[in-house]
Amino acid sequence: MSAAAPEVARGESRFETARRLLAENPAIALIFVFVGLFVVTDIVNRAQSGHAFLAPTQVSTTFLYAAPLALLAAGQTLVMLTGGVDLSVATTATAGAFVASGTGKHGAAAAVVLAIAIGFGIGLVNGIGVAIFRVNPLIMTLGLSSVTLGALTIYSQRRFVALVPNIVNTFGSGRFLTYIPYDLLVWGPIAALIILGLRYSGFGRMIYAVGDNPVACRLAGVRVWQVLLIVYALCGALSAVAGILLVGFNDAADLGIAAPFLLPSVAAVVIGGTSILGGSGGYGGTILGALILTVLDSLLTILNASAAIKQMLYGAIILALAWLYAWTSRSE
Amino acid sequence: MTTATATADRRRPGIHAARFGRRHGWTLGTYVLLLALVLYWRSVPPVWGSFDLQSLAIDALPFAFAAMAQAVVIISGGIDLSVGSLMSLVNVISAKYMATMSFRDALLFAGLLLLGSTAAGAFTGSLITISRVPDIVVTLAMLFVWAGLALQIQPIPGGGAPLKYVQLATGQWFSPWIPSGLVILLCAFVLIWLPLRRARPGLALYSIGSNRNAAYLSGVSVTRTRIFAYSLGGFFAGLAGLALTATSGIGDPLSGQYYTLNSVAAVVLGGVALVGGKGGLIGPIAAAFVLTLVKTILILKGVDQNWAQVIQGSLIIVVVMIGGLAIRERRRM
Amino acid sequence: MIDSGEVHALLGANGAGKSTLVKVLTGVIRADGGRLVLNGEEVQISSPSQAARVGLAPVFQDPALVPDLTVAQNMRLTGTLREAVRSRLHEMDLNVDFSEQAGDVPLPMLRMLDLARALVRDPQLLLLDEITAALPSDLAERVFAVMRTRREHGRSVLFITHRLAEVIAVCDRATVLRDGSDVGTLVPQHGGERKIVEYMLGAEVATAAVKASELDETEVRISTDGDAAAAAAEPALEVKSVRAGTVESVSFSLRPGEVVGLAALEGQGQDDLFATLAGERRPEGGEVLVGGRLLRARHPYDAIRAGVVLVPADRLLALLPQRSVRENIAAPRYNRLLRWGPINLRLERRRVQEAIDALQIDTRAYRQVRRLSGGNQQKVTIARWLASGFGTLLCFDPTRGIDVGTKQQIYSLLRRLAGEGAAILFFSSELTEFPLVCDRIVTLYGGRITAELPAAAADEASLLRAMHGLAEEVA
């Protein structure tokens, strides 16, 4: 994002300027939406129960809840930047959760490392399918997710001593200085790494390039399969981290622990302005998308909206925002 | 100067056979696989009769319709992630109200629902064309919407359907070896898809999937054809939901989840390219049966249901990988 | 304004508006202003089918045939009678199997099919958009014959092309477009090429000339932190009996500092030859040596590593449309794992700016490369190799569809690169370019080299003869 003052091109109406600025800097709009939603939730909450929502505890809870989603959406962002999609992030997170709790008795470090390794491995399989065998990402990841789920079901039926290490518990659900969730210490550095990496590393450039035009990449000597392989593996690892946070929060792993996060992970990326076709976007917008979705979820819970209504609303929101982006970027 | 006679009429029979093989090889392969599986299936249980064939037809019927719905959309160059949840919606609404209806009323209601599902498909298609948002995103959103609606209408499984309606899918036709569900499937295929496929609407469908620009320059209305594709998909999804009501006897709001992924898998396994423009509906129908049969055989052999899911999922992945390799060899990228 | 019974040419540089005009005439896009008068009546054309109804029939460069449908089905799709198209084809002495899938029919034949289909309706105005580009000369002849026949029948043809020779040979009048408006109509036979070029370049002729000489002064530096090939004595590239696809057996060599031209008719093996040299495909026989070392390329990366880089004809293949000019130019710098770490921004900026300056790429405020004009886009594809370093440059029809001014700049650049020690292999479909750029020219026919001519001896007649595989005439 350029730091220069927004230039008004000759002959542009105010409307067109607004549209162009929105297209080039979607983050601004998203911040407005996020803050706006917070305010709305506050008002509604006060009306309903007399409590404020714009209170420090609630803000910190929002960030606490948003972290796992944001991590799932981080992997999803990387994958979607390359023009693909990963519908196995939820099951990979669940796998991470199970492994973390299943091997907890061997110590926290081992459990965490193993869980991330499993996530990385699952992502690698996805990557092999997509990059080397040219399977459509939708099919590959969906297929692998059903395989993973089946395997996890079998695994969960075996009796094992499930122990969630204390550290994992703390990071998943604890806060320090009263208001700052520990999971931000996990999410924050990762987010910074991703944002900086996408912008200032050669690999970041390649991610965008592969999503934009893989044929051109090949001509420039890029071995596209290498890029894709690593991207999917990273997505798997990030999903596993999300799963570890979730199991830390839940204090137990169950098969449905990450299921409600699958479609929101895609939604967060779409809301954040990354094109599903690849080649443009970034993680910054996704972060805001994840935050917005989390607040929205709280709002709907306060309104006593049923799971059904929530779902319908998710759909409508994804549609509306995607439409907005399509409209603003139609400046050809 | 030499006369340019490119691709002159080659009368060599070998060329025609090779061309047929290239175009329909995969579909043929699917049918051969199905046959092989059926033969294997016969050998597994001590007793195997028309009842088993019947139960396969019952199991596979909703799946086959879902595969047809997805195939139509994919051939047109799009994808529809909302097939499964639209199916659930129709299933839930029909089971809720048909429980207290007579057979005749149920049929009329079914017709009404079909109109509704077609309209739903048209709505999705219109959204896609008007908003210029990629179809994955729009159909993903609609998946949420339909699923939520289904959940709202029927929070827990329930409802029912008149006996004769259920028998439409679970009964026999003339002989115990001809499941009536299969007959309905064939009717839908022959009466609805076949006439369309060779006529202008069907060709237009293939053309926008093959090369949208060329289609447009050929005078095809891309917008109208896309909406047509999703409407037809909605129609078949409605049939799938109605079939589900008949085969399961109840309405379950979460029933469609299984079908979203598997409809895409069946389409790919049935030889329809995900890029569009190629293939037909007959392959995906066979693929739906193949996938159902694989699970049936596994369960017959005493394999745990979850293991069956793992194996089925892995099978889908392996087959698709092989398919990917085949394309890759041909295109040599 | 086009008379009935006239073959009218439409000329202009890239971005002058020719394609846009055709799209408006054929209903693909809608006009923002102005009027369209057909046979004295004003018309509004909003869709291709409406254009057809009014009597306008286009034949685009990309044939409007759906690849996955058979030719017969394509005809049914447009409501055209098969027999009518078949008879038109017969009139052109051509034959096509209608049950063949359109995707399997070779491109030149598809164009002729498209033409035949357009003729079925006996259109008042036949619009031919660059139909002869990449069309073998025998088929091009048939197209010219069709144009003359239309004229005889009192019908009109609008012929869009970059090939001035054809315009002079076939057209009655020519209109030149520049920057979106027409600058004049002339009779091409009176004044010839020079007059047409004058119109096209307008006042910029003078500045273009100045620019060219400016270019001659500035030094072009090929980045040395890339993969430049070493020694000057060794040939930069040696091709020994290479066999690959349509290449039967090709041998030649390229020395550093020379520009070798490759002339060939459509489909004589040049595509596969370039693909092999660029590392896109493996040769089935023979070997390729780069700087004396055997090149075993399984991926363009291997070729690039050896210093052999490709500038393709199709810009869409080489560019990242949504990314900026800078990212596009810098792309090959990160094509390997070791370069995936943090970017040295200052160095990158310097290299990119050097390349932009050397090529005089007009970047303005454009953030995305897809907003650039065709000529500038092509410059970007060349610039990326300047920024990444190379030893041998393979140019495959680099000036296809580019305006005259930019073409001159590219010729100048190639000469200067050679002066800096690069080895350049230059393929073009326009014979007039060869003497401007190359030191010597080899011709390819039937997958084999048929002749090698020094630039001085490479006049069109000798080249054409060799390109058709005919032996040199004894003087």
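**A tour from the A–B contact to the nonpolar core**

Begin where chains A and B meet, selecting the 38 residues from chain B and the 37 residues from chain A that take part in the contact, two residues being in contact if their C-beta atoms, placed from the backbone, lie within 7 Å. On chain B, helix 4 (103-131), helix 5 (135-153), helix 11 (257-269) and helix 13 (305-331) each supply at least two residues of the side that touches chain A; helices (H or I, at least four residues) and strands (E, at least two) are DSSP runs, numbered from the N terminus.

This is a predicted model, in which local features need pLDDT of at least 70 and side-chain atom pairs count only at pLDDT 80 or more, while totals for chains, interfaces and linings use all residues. Residues are numbered from 1 along each chain as its sequence is written, and chains are lettered from A and ligands numbered from 1 in the order in which they are written.

Next, select the whole of chain B, which has 13 helices and two strands, and whose C-alpha trace spans about 80 × 55 × 35 Å along its principal axes. Of the contacts in chain B with a separation of 6 or more, 79% are accounted for by residues 24 or more positions apart.

Finally, move to chain C and select C:F426, which touches C:V259, C:V260, C:G261, C:L262, C:C395, C:L414, C:V437 and C:C438, not counting residues up to four places away in sequence.
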